[in-house]
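Here is a short briefing on a predicted model. Keep the structure open as you read.

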Amino acid sequence: MTAIEWFDYTGVVVFAIAGVFSAAERRMDAFGALVLAYVTCLGGGTIRDVLLNQYPIFWMKDLSYLWIILITSLITFFLIRDVKKILPYLFIPDAVGLGIYTLIGIQKSAALGLPPEICVIMGVITAVGGGMIRDVLSNQPPLIFHNQEIYATACLAGGGLFFLLHRVGWNDQVIHISTVAFIFMIRLVSIRMNLKMPRVTADKGLKRK
Amino acid sequence: MTAIEWFDYTGVVVFAIAGVFSAAERRMDAFGALVLAYVTCLGGGTIRDVLLNQYPIFWMKDLSYLWIILITSLITFFLIRDVKKILPYLFIPDAVGLGIYTLIGIQKSAALGLPPEICVIMGVITAVGGGMIRDVLSNQPPLIFHNQEIYATACLAGGGLFFLLHRVGWNDQVIHISTVAFIFMIRLVSIRMNLKMPRVTADKGLKRK
Amino acid sequence: MTAIEWFDYTGVVVFAIAGVFSAAERRMDAFGALVLAYVTCLGGGTIRDVLLNQYPIFWMKDLSYLWIILITSLITFFLIRDVKKILPYLFIPDAVGLGIYTLIGIQKSAALGLPPEICVIMGVITAVGGGMIRDVLSNQPPLIFHNQEIYATACLAGGGLFFLLHRVGWNDQVIHISTVAFIFMIRLVSIRMNLKMPRVTADKGLKRK
């Protein structure tokens with residue numbers, strides 16, 4: 001198992017837990033909670049693979065995704081009070097996942113010869129698409145459209161760095177590590193320093209609060 | 001016309017009626033009601049065909065789907081009070097449709113050589129995906145995430161039976177009939193006996209009510 | 001640049017502005033506003049290309065879409081009060097866009113040899129799909145399901161005219177101009193004369209108000 005795979009599966013565990021808690025907050029039944037766990041984990045990559053005409057979709061080729069999500073969800077169902085205690089620390093593996101999924105999305109698109117703009121968009125979709133679908137299925141406006149956090153923006157910045165380093169001529173492995181580390185750092189620094197995206201308002205345009 | 005086709009089209013009529021009533025409850029206009037009818041009927045199979053990279057989508061090849069939905073919707077528009085009287089009995093053809101669509105989804109995926117886990121997921125998506133999209137387009141949380149009914153779970157169980165009987169070595173036609181009958185029976189028994197899925201809550205995990 | 005391309009890009013500018021204002025009304029942050037702008041402009045054509053198994057999606061081939069939307073959104077962010085003043089006049093280029101996108105959707109599908117029914121549906125999806133996704137992502141029921149306006153219906157009528165004129169044997173360019181002009185006229189006449197689609201209600205069926 002490569003380092004990317006290891007981080008990938010860790011991210012899946014964290015995203016599945018987030019999906020189950022999102023369902024629990026809305027008092028969904030066990031089926032709804034399972035769907036939200038799956039959608040949070042697999043939704044972004046699925047949109048990416050559909051847009052890139054990649055068949056089979058990644059989770060059809062590697063069934064471990066399906067099983068990891070199922071087992072994580074069942075454990076969370078039965079040990080929800082214990083899992084709840086680790087929730088405040090999940091922003092760290094979540095930030096790692098954010099970096100890894102952006103990188104995977106960019107790599108898959110770059111391998112198809114697509115231009116950098118498209119690759120970066122695919123990276124962002126891979127990283128944040130699942131959470132968006134989860135929110136839509138929970139009948140909520142997507143959190144990342146409202147919470148003003150530096151989340152998708154971190155992915156965008158990481159995507160920019162990826163292609164910048166490519167042009168500079170760094171070797172691939174260093175670029176990959178740098179991209180993930182950069183997204184991770186932006187995310188953590190923005191949380192620590194409470195950096196916020198501006199809001200858009202119809203009367204004043206961009207506003208800080 | 002085969003028995004599967006006959007049941008398929010009957011299911012389409014029932015799902016189209018459900019779509020129009022869903023629109024009527026929210027006082028949508030005639031265009032919105034038509035879209036909900038189409039989406040309820042064709043949404044699940046469309047997601048399946050897109051994920052399986054099947055082109056043309058099933059309703060592009062067999063235009064009778066489009067016409068059956070249009071005619072059913074128009075009749076429902078004009079005779080809505082009469083159609084309303086048969087609503088309490090529609091759970092029976094709805095349960096048949098559930099079984100048939102799960103079977104069709106499984107068959108299509110199995111024909112592509114996909115593993116059983118993926119086939120079962122495609123069966124469930126075919127059967128319940130349309131209703132989910134309809135609820136999202138109606139700005140409602142999907143009913144099947146909240147109502148605790150044995151609905152998608154019946155499809156999952158039917159999918160399990162399908163592959164169990166395959167391994168046992170039964171012949172195809174018997175497997176198909178058994179799968180649909182099994183889903184139908186689970187659905188009806190669960191309604192009759194008021195069987196419920198547990199809820200997931202953030203403080204206590206799984207709860208019966 | 002052909003006339004169709006020119007109108008296409010103009011439509012993109014108008015749809016992007018509509019997306020940003022939709023976000024501003026809900027006080028979304030800048031990332032949410034950008035996503036809504038992109039989704040309003042590109043959503044319909046993306047659904048169409050995915051359903052038609054067209055890869056690369058149109059905006060992956062012609063990157064000017066991405067840049068026009070970005071620049072329009074940024075200008076709208078910073079000059080929102082000025083842009084607001086032109087909003088009451090945008091229904092005119094919006095009606096042109098409606099016609100153009102319906103035509104593009106029909107043409108793309110007809111070029112694949114699909115039957116007229118499917119082509120018309122693809123035309124409507126191209127024209128109104130983006131606005132629908134935008135509303136879903138804003139946690140709102142799609143406006144065109146509720147507002148009783150002659151909007152998607154104008155696209156349907158235009159699609160009908162397209163194939164009628166084809167059967168009559170007119171030349172292609174005249175058909176294209178007639179289709180767009182017809183949709184544009186229906187839209188403007190229906191606004192001016194306050195023509196409305198009926199509602200569907202569960203107790204009385206179709207109702208004028």
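N139(C) is the residue of chain C that comes closest to the rotation axis, with its C-alpha at 3.8 Å. In chain B that place belongs to N139(B), also at 3.8 Å by C-alpha. The model is predicted, and the values below are computed from it.

**Symmetry**

- Two copies of a chain are related by a rotation about an axis and a shift along it.
- Chain C superposes on chain B after a rotation of 120 degrees, with 0.0 Å of shift along the axis and an RMSD of 0.0 Å.
- These two copies are thus related as by a three-fold rotation axis.
- The copies meet through different surfaces, and 11% of the contact residues of chain C recur in chain B.
- A turn of 120 degrees and a shift of 0.0 Å along the axis lay chain B on chain A, with an RMSD of 0.0 Å.
- Here too the copies use different surfaces: 11% of the contact residues of chain B recur in chain A.

**Chain C against chain B**

- The size of an interface is often given as the accessible area lost when the parts come together.
- Chain C and chain B bury about 2900 Å² between them, and carbon and sulfur atoms give 69% of that area.
- Three residues of chain C, F145(C), V200(C) and A202(C), supply 24% of the area that chain C buries against chain B. No other three residues supply more.
- Chain C brings 36 residues to the contact, and chain B brings 32 residues.
- How many salt bridges does the rule find across the interface of chain C and chain B? It finds zero.
- Polar contacts do occur: nine residue pairs are counted between chain C and chain B, both residues at pLDDT 80 or more.
- On the chain C side, the elements giving two or more residues are α2 (30-51), α7 (116-137), α8 (143-146), β1 (199-201) and β2 (205-207).
- Of the side of chain C that touches chain B, α7(C) gives the largest share, seven residues.
- By class, that side of chain C has 22 nonpolar, eight polar and six charged residues.

**Chain B against chain A**

- The contact draws 36 residues from chain B and 32 residues from chain A.
- About 2900 Å² is buried between chain B and chain A, 69% of it on carbon and sulfur atoms.
- F145(B), V200(B) and A202(B) lose the most area to chain A within chain B. Together they account for 24% of what that side buries.
- Between chain B and chain A the rule finds zero salt bridges.
- Eight residue pairs are in polar contact between chain B and chain A, with both residues at pLDDT 80 or more.
- Which elements of chain B give two or more residues to the side that touches chain A? They are α2 (30-51), α7 (116-137), α8 (143-146), β1 (199-201) and β2 (205-207) of chain B.
- The largest share of this side comes from α7(B), with seven residues.
- The residues on this side of chain B divide into 22 nonpolar, eight polar and six charged.

**Fold of chain A**

- Chain A has ten helices and two strands.
- Read from the N terminus, its elements run α-α-α-α-α-α-α-α-α-α-β-β.
- The radius of gyration of chain A is 17 Å, close to the 17 Å that the globule rule gives for 209 residues, so chain A is as compact as a globular protein of that length.
- Along the principal axes, the C-alpha atoms of chain A fill a box of roughly 50 × 50 × 30 Å.

**Backbone details between α2 and α3**

- In chain A, the peptide bond from Y55(A) to P56(A) is cis, with omega near -5 degrees.
- P56(A) sits in the loop between α2 (30-51) and α3 (58-61) of chain A.
- N53(A) lies in the loop between α2 and α3 of chain A.
- What is phi of N53(A)? Phi is near 60 degrees, a positive value in a residue other than glycine.
- In chain C, Y55(C) and P56(C) are joined by a cis peptide bond, with omega about 0 degrees.
- P56(C) is found in the loop between α2 and α3 (58-61) of chain C.

Note on methods. Residues are numbered from 1 along each chain as its sequence is written. Chains are lettered from A and ligands numbered from 1 in the order in which they are written. This is a predicted model: local features need pLDDT of at least 70, side-chain atom pairs count only at pLDDT 80 or more; totals for chains, interfaces and linings use all residues. Side-chain values use heavy atoms; hydrogens and water are left out. Contact means heavy atoms within 4.5 Å. Buried area is the accessible area (1.4 Å probe) that two parts lose on being put together, summed over both. A salt bridge is a side-chain nitrogen of Lys or Arg within 4 Å of a carboxyl oxygen of Asp or Glu. A polar contact is a pair of N or O atoms within 3.5 Å; within protein, one must be able to donate a hydrogen and the other to accept it, and residues adjacent in sequence count only if both atoms are side-chain atoms. Helices (H or I, at least four residues) and strands (E, at least two) are DSSP runs, numbered from the N terminus. Ala, Val, Leu, Ile, Met, Phe, Trp, Tyr, Cys and Pro count as nonpolar, Asp, Glu, Lys and Arg as charged, and the others, Gly among them, as polar. Copies are superposed by least squares on the C-alpha atoms of residues with pLDDT of at least 70 in both. The radius of gyration is taken over C-alpha atoms; the globule rule is 2.2 Å times the number of residues to the power 0.38.
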